[in-house]
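Please open the model in a viewer and keep the selection tool at hand. The stops below are given in the order in which they may be selected.

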Amino acid sequence: MNMDAKQPLSKNDTIRLRKRHVGESCKLFFRSNPIKIVRAKGQYMYDEEGRKYLDCINNVAHVGHCDETVVEASARQMATLNTNNRFLHDNLVLCAKKLTSTFPESLSVCFFVNSGSEANDLALRIARAYTHNEDVICLEDAYHGHLSSIIDISPYKYRKLDKFPKKDWVHIAPLPYVYRGKHRDVETAGEKYAQEVDKLIAEATENGRRIAAFISESLPSCAGQIMLPENYLKNVYRSVRAAGGVCIADEVQTGFGRVGKHWWAFQLQDVVPDIVTIGKPMGNGHPVSAVITTNEIAQSLLSIGMEYFNTFGGNPVSCAAALAVIEVVERDKLMEHADQVGTYLLEELNKLKERYPLIGDVRGIGLFIGIELVTDRASRTPAAPQAQHIITRFKEEKILVSADGVDRNVLKLKPPMVFSFEDAKHFLTILDEILSEIEDLESDLEEVSVTATINTNSSQRIAAVN
């Protein structure tokens, strides 16, 4: 085995060392034949053999892998200073000023941390300090991060695990899932799903519990690229605030202009949260995230005598990266680009839906898109095996796509924001080919089944005559 750090390991050696020294529960994409990525640029990733893959997975590389502006800003700051954020530094305050300029005026105060999980953990702590309550309402199949406090409000991770019971302070509302959820009428779904939250609040109150916060991704991602029904958040926020709680919008997956129409996906619902958490794309791969809230709510930590500091959160290099990301989004008009390419993708995907019954639903906005696969449109039965087959075939065609959702039957598109019209056309062409292959295969299987049935019946008749 080559152990010289200056020379790259073979793929087999990398796999061997990973199995020996990395926790087995740390899963890889494409587990049976994982890809070893050695470099990336823009919307493309390259393996150790130099093969180029179109990246439709990485919302982390928001403005494109190894974007020159972000790399140069980070390297320049790293070569000058990187230290504890408890020293004064211009990058932190300039980053806070620039970030908050993209939010409604009331959301004017930042806390810097290192990841979306940390951001959501801090958001809960602030909410509890402000309300003096404990309980939290979250959504079915929500995912908000990997910290212990956040796993408790991430049913996506434990919904099928009997050994991980829901905590008493957690209240789980039905996912506002119009296509396959409890309420499917588009006109009334927002109100009806909000009434489900009202019921949870009433039940909690009857049991002597008080709501500290309602937390929801502005567009639930792991749950299956869900588009919230109209007026859902507006109704929920009103009820939660009336019950003494605050409203937290998780923008870790959807923020920084990915939806095309706005900087932040909560703006699609015409609401202003009390607390917003941001992460993944903020540093274009550099670990930096933040909690944004009002001055009044921010003061609550001081009011209970709790000092907050985060050694690395908001360090000069992290803030340099974040400032550069915002600069690129604005300079290169990536929000407008996401809107245009996303609109084109949705239009063309709906054309494919007309041709292929396997596509049950196409939904999304900007470069946040879900393609839900079903075996039967009437029953909307999830087609999870077909989704996994399509992902494997995409990989063979050098396109990286993932699947998620309640039943892992939703193809997810959340590529870097530089994903182009040509990339979209290539993705659509390959998807068309794969869907056609599946139809041909199913047709052949039906013929084999019919032939087998005919032969069986013929044999039975001959046997009966004899």
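Select Gln253 to begin; Gln253 is found in the loop between strand S8 (246-250) and strand S9 (275-278). Helices (H or I, at least four residues) and strands (E, at least two) are DSSP runs, numbered from the N terminus. The model is a predicted one, in which local features need pLDDT of at least 70 and side-chain atom pairs count only at pLDDT 80 or more, while totals for chains, interfaces and linings use all residues. Residues are numbered from 1 along each chain as its sequence is written, and side-chain values use heavy atoms, with hydrogens and water left out.

Is Gln253 buried or exposed? Gln253 counts as buried, because its relative accessibility is 9%. The terms rest on relative accessible area, with buried meaning under 20%, exposed over 50% and partly exposed in between (1.4 Å probe, protein chains only). Now add Asn59 to the selection: a polar contact of 2.7 Å joins the side chains of Gln253 and Asn59. A polar contact is a pair of N or O atoms within 3.5 Å; within protein, one must be able to donate a hydrogen and the other to accept it, and residues adjacent in sequence count only if both atoms are side-chain atoms. Leaving aside neighbours within four places in sequence, the contacts of Gln253 (heavy atoms within 4.5 Å) are Asn59, Glu217, Ser221, Cys222, Arg258, Lys280 and Lys414.

Move on to Thr277, which lies in strand S9. Thr277 counts as buried, at 0% relative accessibility. Apart from neighbours within four places in sequence, Thr277 is in contact with ten residues to display, including Ala119, Asn120, Ala123, Ile248 and Val291.

Tyr237, in helix H8 (residues 232-242), is the next selection. Tyr237 is buried, with 3% relative accessibility. Not counting residues up to four places away in sequence, Tyr237 touches Phe214, Cys247, Ile248, Ala249, Val271, Val272 and Pro273. To check one of these pairs, place a distance label between the C-alpha atoms of Tyr237 and Val272: they are separated by 8.9 Å, and the two residues are 35 residues apart along the chain.

Next, select helix H2 (68-78). At its N-terminal end, Asp67 acts as a cap, with a side-chain oxygen 3.0 Å from the backbone nitrogen of Thr69. Which residues of H2 are buried? They are Thr69, Val70, Ala73, Ser74 and Gln77. These cover an arc of only 120 degrees around the axis, which puts them on the same side of H2; the arc is that of the directions from the helix axis to the C-beta atoms. An α-helix has 3.6 residues a turn, so residues three or four places apart point the same way. The face turned away from the buried side of H2 carries the exposed residues Glu68, Arg76 and Met78. The buried residues of H2 pack against H3 and H11.

In the loop between H2 and H3, select Thr83. Thr83 counts as partly exposed, at 27% relative accessibility. Beyond its neighbours within four places in sequence, Thr83 is in contact with Thr311, Asn315 and Pro316.

Continue to helix H3 (residues 90-100), where Asn91, Cys95, Ala96, Leu99 and Thr100 are the buried residues. Seen down the axis of H3, they fall within an arc of 145 degrees, so they line one face of the helix. Asp90 and Lys97 are the exposed residues on the face of H3 turned away from the buried side. The cover over the buried residues of H3 includes helix H2, strand S4 (109-113), strand S9, strand S10 (289-293) and helix H11 (316-331).

Finally, select Phe30, in the loop between helix H1 (11-21) and strand S1 (37-41). Its phi is near 55 degrees, a positive value in a residue other than glycine. Phe30 counts as buried, at 18% relative accessibility. Then select Arg408, in the loop between strand S15 (402-404) and strand S16 (410-413). Phi of Arg408 is near 55 degrees, a positive value in a residue other than glycine. Arg408 is partly exposed, with a relative accessible area of 40%.
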